[in-house]
Protein chains: 2
Amino acid sequence: MSHFSLVCTRCAQAHSPSMTTLGCGSCGAPLDVLYESTPDANQSRVVPPMPFHAESPPISLGEGNTPIVPLDATGRTLGLRDLKAKLEYLNPTGSFKDRGTATMMSVAAELGVDAVAEDSSGNAGASVAAYAARAGIEAHIFAPVSAPQAKMQQIGVYGAHTHAIEGPREAATEAAVAFCRENSLVYASHNLSPSFLEGTKTFAYEIASQMAGALPDHVVIPVGNGSLFIGAWKGFHGLVAAGVLDRAPKLHAIQAEAVMPVAAAFAGREWTPQPGAATIAGGIAVGDPPRKQQVLDVLRASGGVSIAVAEAAIASWHARLANTEGIYCEPTSAAAFAGLELLIEAGHVASHDSVLVAVTGFGLKDTPPTNNR
Amino acid sequence: MSHFSLVCTRCAQAHSPSMTTLGCGSCGAPLDVLYESTPDANQSRVVPPMPFHAESPPISLGEGNTPIVPLDATGRTLGLRDLKAKLEYLNPTGSFKDRGTATMMSVAAELGVDAVAEDSSGNAGASVAAYAARAGIEAHIFAPVSAPQAKMQQIGVYGAHTHAIEGPREAATEAAVAFCRENSLVYASHNLSPSFLEGTKTFAYEIASQMAGALPDHVVIPVGNGSLFIGAWKGFHGLVAAGVLDRAPKLHAIQAEAVMPVAAAFAGREWTPQPGAATIAGGIAVGDPPRKQQVLDVLRASGGVSIAVAEAAIASWHARLANTEGIYCEPTSAAAFAGLELLIEAGHVASHDSVLVAVTGFGLKDTPPTNNR
């Protein structure tokens with residue numbers, strides 16, 4: 001008997017917990033975890049509820065507990081009173097994905113899964129490869145041939161089988177799904193897995209704990225598939241529901257102009273991929289995110305906005321963060337700062353507001369061509 | 001009036017605090033920080049004394065508080081009851097050096113220093129470049145032309161001036177020293193700076209706090225210049241002196257056979273660099289460490305031993321850690337595990353002992369050629 005079920009994010013139909021149920025049997029929409037009972041405030045102040053039975057993730061590399069650091073110099077130039085960053089790149093494989101992967105692979109280990117496949121532009125693939133190695137689970141990682149070399153090398157060192165797929169990002173997804181079907185493997189999709197989303201909740205729980213009494217007014221997150229964005233909201237919302245917090249921050253979703261399905265939908269505009277349009281922010285280059293509607297729901301519920309930023313602004317912030325704050329991040333993370341600048345210009349963030357930006361991936365994994373030498 | 005002075009590690013002569021006093025005026029040996037008074041146990045349980053006046057490092061990127069994770073699979077194959085790793089690569093620039101750099105650059109900022117130079121095979125250079133950027137201090141980093149490309153690129157992104165120096169590692173040191181003399185710059189040497197060493201003490205304080213009541217019997221550390229090794233001892237020794245701990249672990253210093261001045265001296269053997277001898281463990285390829293005598297003193301005081309490991313064992317452990325534990329480290333860190341294997345074989349570590357290994361640098365920074373694809 002499980003302490004949770006899976007529920008459709010669109011039609012609310014309930015499904016039994018399973019690693020292979022990744023979409024609603026009725027309408028096909030993505031699923032969320034729903035717990036049988038709501039833990040009391042005292043319990044949920046410390047650890048959020050999780051879809052496994054152990055006290056802590058059985059498959060763990062010490063993920064989470066990432067530092068929050070002030071960005072005083074950047075705050076001053078942006079005219080902000082209080083700007084901070086949470087350094088999510090200081091997770092065990094170099095990106096925030098480890099929060100979700102620890103939960104997803106802990107569930108897999110509890111269920112006795114012995115092999116998985118996953119598709120990724122790099123970060124999620126490296127994360128799944130590492131935790132699979134630790135769990136003794138065989139991993140097949142499908143990535144576009146355009147994925148950064150450092151990420152693919154990292155995946156290989158973890159001992160995963162790498163599959164480089166020609167064509168757009170979506171081709172890697174299709175190849176992974178087909179491979180799972182042909183070989184009866186579990187498709188451990190970080191985009192679809194409800195347990196992956198549960199893991200990213202800890203981001204919000206940590207902010208509530210680390211910034212006790214001074215919760216930021218705004219949290220700015222780069223959004224591709226939106227797993228950190230949705231998970232952060234689940235966390236903050238859960239803390240408000242449990243009475244631990246009296247409000248949640250506004251969550252803002254930043255995309256690149258070249259790939260902006262969420263920002264376009266938020267603005268009520270049609271959007272289709274433009275041939276040849278590309279972004280150096282590879283971690284958020286997702287043309288058709290399966291949880292797009294959930295991201296839009298979180299934007300509405302939290303009072304946040306979604307905007308898209310230009311390539312030049314991403315590159316500029318990538319360098320600026322390193323040479324003024326000592327933070328060497330992926331271009332994907334730099335996009336969040338480019339977005340913050342626009343949020344201030346548009347009046348969505350005021351000078352007396354407090355802001356926290358998620359720095360999601362390490363620069364060592366993906367240095368843009370402009371910085372190669 | 002300062003709360004500390006600098007004291008010679010050989011002849012005990014006292015010197016006034018200064019960023020430019022890096023060796024004893026009488027005998028030339030390296031200096032250590034000596035505090036005016038010993039803090040009580042209650043104070044030093046939380047934060048070690050530091051050579052600056054602020055409550056916490058004024059120049060900080062959230063360094064430290066790295067996770068300690070069990071290595072059960074590896075422990076089983078080695079026949080060890082209790083094996084853990086402290087993931088020092090999850091510091092802000094990807095290596096343990098950030099502990100020392102945060103302290104050294106905080107002292108520099110307090111003293112109003114506006115430019116520094118440093119020589120490094122990569123990790124310390126990246127660390128100094130990042131913290132200098134954050135402090136608004138100009139940095140010149142001198143590195144051998146053989147330093148890994150990923151590290152040099154990282155240094156450049158932080159906005160430091162990089163100087164690639166032909167010849168052996170020592171040539172970079174000489175070039176940095178000459179550059180400082182010619183341009184009246186502060187030589188921010190991680191090997192010589194007493195404040196850098198003070199910063200690495202936090203490694204031991206965290207272990208004491210994270211493993212309260214179950215302190216490891218052995219701590220195994222890869223040693224080049226020995227800044228983490230000496231700092232760890234200062235930390236443990238300080239905690240014992242303050243009555244917080246009743247004993248310190250044995251500290252073992254691992255080197256590569258190709259560059260083993262400490263291991264040779266520990267064994268009472270002469271050692272000179274062999275032409276053509278090289279190691280993939282670039283972080284510990286230091287032929288003549290200026291604090292060698294201090295490392296030997298710590299070995300004696302803690303009851304540890306120093307041994308050297310073969311290249312094949314380093315490469316093998318590098319892959320093994322990634323594909324069985326999900327830990328992607330630098331070859332330098334893998335050397336520590338190769339060393340642990342020899343310590344067990346030689347009877348220095350028993351099966352019922354508890355062991356902690358420092359994983360000092362991220363694999364993303366320096367992947368050995370055997371893993372390149």
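Here are some exercises on a predicted two-chain model, each with a worked solution.

This is a predicted model, in which local features need pLDDT of at least 70, side-chain atom pairs count only at pLDDT 80 or more, and totals for chains, interfaces and linings use all residues. Residues are numbered from 1 along each chain as its sequence is written, while chains are lettered from A and ligands numbered from 1 in the order in which they are written.

**Exercise 1. Confidence**

Find the mean pLDDT of chain A and the ipTM of the complex.

*Solution.* Start with pLDDT, the predictor's confidence in each residue, from 0 to 100. Its mean over chain A is 93, and 95% of the residues of chain A reach 70 or more. Next, take the complex: the predictor gives an ipTM of 0.94 and a pTM of 0.95.

**Exercise 2. The build of chain A**

Work out why chain A can be called as compact as a globular protein of its length.

*Solution.* First, count the elements: chain A has 13 helices and 13 strands (DSSP runs, H or I of at least four residues for helices and E of at least two for strands, numbered from the N terminus). Then compare sizes: the radius of gyration of chain A, 19 Å, is close to the 21 Å from the globule rule for 373 residues, so chain A is as compact as a globular protein of that length. The radius is taken over C-alpha atoms, and the rule is 2.2 Å times the number of residues to the power 0.38. Finally, the C-alpha trace of chain A spans about 55 × 50 × 40 Å along its principal axes.

**Exercise 3. A loop residue**

Decide whether V259(A) is buried or exposed, and list its contacts beyond four places in sequence.

*Solution.* Locate V259(A) in the loop between β11 (250–256) and α10 (261–266) of chain A. A residue is buried if 20 or more other C-beta atoms lie within 10 Å of its own, exposed if 12 or fewer, and partly exposed in between, with C-beta atoms placed from the backbone. V259(A) has 25 other C-beta atoms within 10 Å, so V259(A) is buried. For contacts (C-beta atoms, placed from the backbone, within 7 Å), leave aside the neighbours within four places; V259(A) then touches T279(A), I284(A), A285(A), V286(A) and G287(A).

**Exercise 4. Two positive phi angles**

Compare the settings of S184(A) and N65(B).

*Solution.* S184(A) is not a glycine, yet has a positive phi of about 50°. S184(A) sits in the loop between α6 (169–183) and β9 (186–187) of chain A and counts as exposed, with 8 C-beta neighbours inside 10 Å. N65(B), also not a glycine, has a positive phi of about 55°. Its place is the loop between α1 (41–46) and β4 (68–70) of chain B, and with 15 C-beta neighbours inside 10 Å N65(B) counts as partly exposed.

**Exercise 5. How the copies meet**

Determine how chain B is related to chain A and which elements of chain B touch chain A.

*Solution.* Superpose by least squares on the C-alpha atoms of residues with pLDDT of at least 70 in both copies. Chain B fits chain A with an RMSD of 0.0 Å after a turn of 180° and a shift of 0.0 Å along the axis. The two copies are thus related as by a two-fold rotation axis. Now the interface: 36 residues of chain B are in contact with 36 residues of chain A. On the chain B side, the elements giving two or more residues are α4 (123–135), α5 (149–157) and α12 (311–325). Lastly, 100% of the interface residues of chain B are also interface residues in chain A, so the copies meet through the same surface.

How values were computed
Contact = placed C-beta atoms within 7 Å.
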